[in-house]
Amino acid sequence: MSTPAQEQVFGRAPSGPTAARAEGLTKAYGSGETQVLALDSVDAEIARGRFTAIMGPSGSGKSTLMHCLAGLDNVTRGQVWIGEHEITSLNERELTRLRRDKVGFVFQSFNLLPTLTAGENITLPMDIAGRKPDQEWVDTVIDTLGLRDRLRHRPAQLSGGQQQRVACARALASRPELIFADEPTGNLDSRSGEEVLAFLRRAVDELHQTVVMVTHDPGAAARADLVLFLADGRIVDEMPNPTAEAVLDRMKRFDRIRET
Ligand SMILES: Nc1ncnc2c1ncn2[C@@H]1O[C@H](COP(=O)(O)OP(=O)(O)OP(=O)(O)O)[C@@H](O)[C@H]1O
Ligand SMILES: [Mg+2]
């Protein structure tokens with residue numbers, strides 16, 4: 001494993017384009033004595049066509065990093081690029097368009113609209129954009145995620161795992177270049193979790209999409225090409241070609257630091 005050096009940019013691919021990039025990314029919530037520094041000068045690159053996992057203790061800034069990289073949250077300092085576009089300089093309209101065209105996001109809290117059915121939630125982003133869904137692809141997504149017989153149900157009529165799968169389907173339905181998934185298997189039984197992971201892996205291997213996934217599960221992280229480790233708002237380590245055992249060992253070192 002690499003030793004973190006001051007000037008190291010984590011996640012940097014040996015060569016090749018980046019799907020998203022952050023430079024000196026700092027995100028503070030609140031002000032004065034109650035200010036929380038969720039991200040502290042993060043430099044990171046997300047390689048295009050690769051599967052990157054983000055791990056770290058609760059509160060380390062994983063969701064914040066994903067939201068900032070996806071252009072869903074404004075940054076306090078620093079710069080963020082999606083592909084060639086420096087998003088911190090875009091206006092709201094340009095950013096919305098870029099996000100709509102390139103980014104799919106699976107939220108940790110699902111963010112499904114309660115008044116719409118599962119099926120309507122899945123195609124909502126495309127309906128808003130006035131874009132016709134590729135029905136064959138949407139069907140593949142729905143069947144792979146096992147949602148065919150739940151399409152007419154509203155979120156409140158679905159289990160947590162089913163809602164999570166609807167949230168995944170919504171992010172994948174428009175086949176975006178860049179998919180962010182915040183603990184997409186957190187509420188799933190092992191079989192559904194495995195199906196979601198296999199689907200994300202396939203999106204990268206066969207469809208050349210880029211996936212960034214937050215997870216607490218070493219087994220899930222082992223499906224990625226690279227794991228970035230966050231602690232206290234900084235990327236402190238990375239692990240290419242992870243195995244579940246190696247990831248678990250690395251996570252235990254966080255626990256030890258916490259206990260001392
Ligand atoms: N809207 C907010 N207002 C104030 N503080 C926030 C807000 N969102 C996040 N934070 C704080 O920023 C820090 C990072 O939060 P974040 O949600 O990114 O953590 P995380 O690594 O995703 O944790 P978890 O594994 O529990 O999801 C935390 O200390 C959190 O309390
Ligand atoms: Mg989170």
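This passage describes the ligand surroundings, the strand pairing and two backbone features of a predicted model. Local features were considered at pLDDT of at least 70 and side-chain atom pairs only at pLDDT 80 or more, whereas totals for chains, interfaces and linings use all residues. Residues are numbered from 1 along each chain as its sequence is written, and chains are lettered from A and ligands numbered from 1 in the order in which they are written.

The shell around ligand 1 holds 13 residues, a residue being near a molecule or strand if its C-beta atom, placed from the backbone, lies within 6 Å of it. Those that come nearest are Tyr-29, Ala-38, Ser-58, Ser-63 and Thr-64. Strand S2 (36-47) and helix H1 (62-69) each supply at least two residues of this shell, and H1 gives the most, with three. Helices (H or I, at least four residues) and strands (E, at least two) are DSSP runs, numbered from the N terminus. By class, the shell comprises three nonpolar, nine polar and one charged residue. Here Ala, Val, Leu, Ile, Met, Phe, Trp, Tyr, Cys and Pro count as nonpolar, Asp, Glu, Lys and Arg as charged, and the others, Gly among them, as polar.

S2 also belongs to an open sheet of four strands in the order S2-S1-S4-S5, with antiparallel pairing. S2 and strand S5 (85-86) are at the edges and have a single partner strand each, so one side of each is left without a neighbour in the sheet. Two strands pair if DSSP finds at least two bridges between them. Strand S1 (residues 18-29) and strand S4 (residues 77-82) are joined by five bridges; Arg-21 has Trp-81 of S4 as its bridge partner.

A parallel pairing over four bridges links S6 and S7, and Val-106 has Ala-181 of S7 as its bridge partner. In strand S6 (residues 103-106), Val-103 and Phe-105 point one way and Gly-104 and Val-106 the other, and all are buried (20 or more other C-beta atoms within 10 Å of the residue's own; exposed means 12 or fewer, partly exposed in between, with C-beta atoms placed from the backbone).

Most residues other than glycine have a negative phi. Glu-183, in the loop between strand S7 (178-182) and helix H6 (190-205), has a positive phi of about 50°. Glu-183 is buried, with 21 other C-beta atoms within 10 Å. Asp-232 also has a positive phi, near 50°, and lies in the loop between strand S9 (226-231) and strand S10 (234-240). Asp-232 counts as partly exposed because it has 15 C-beta neighbours inside 10 Å.
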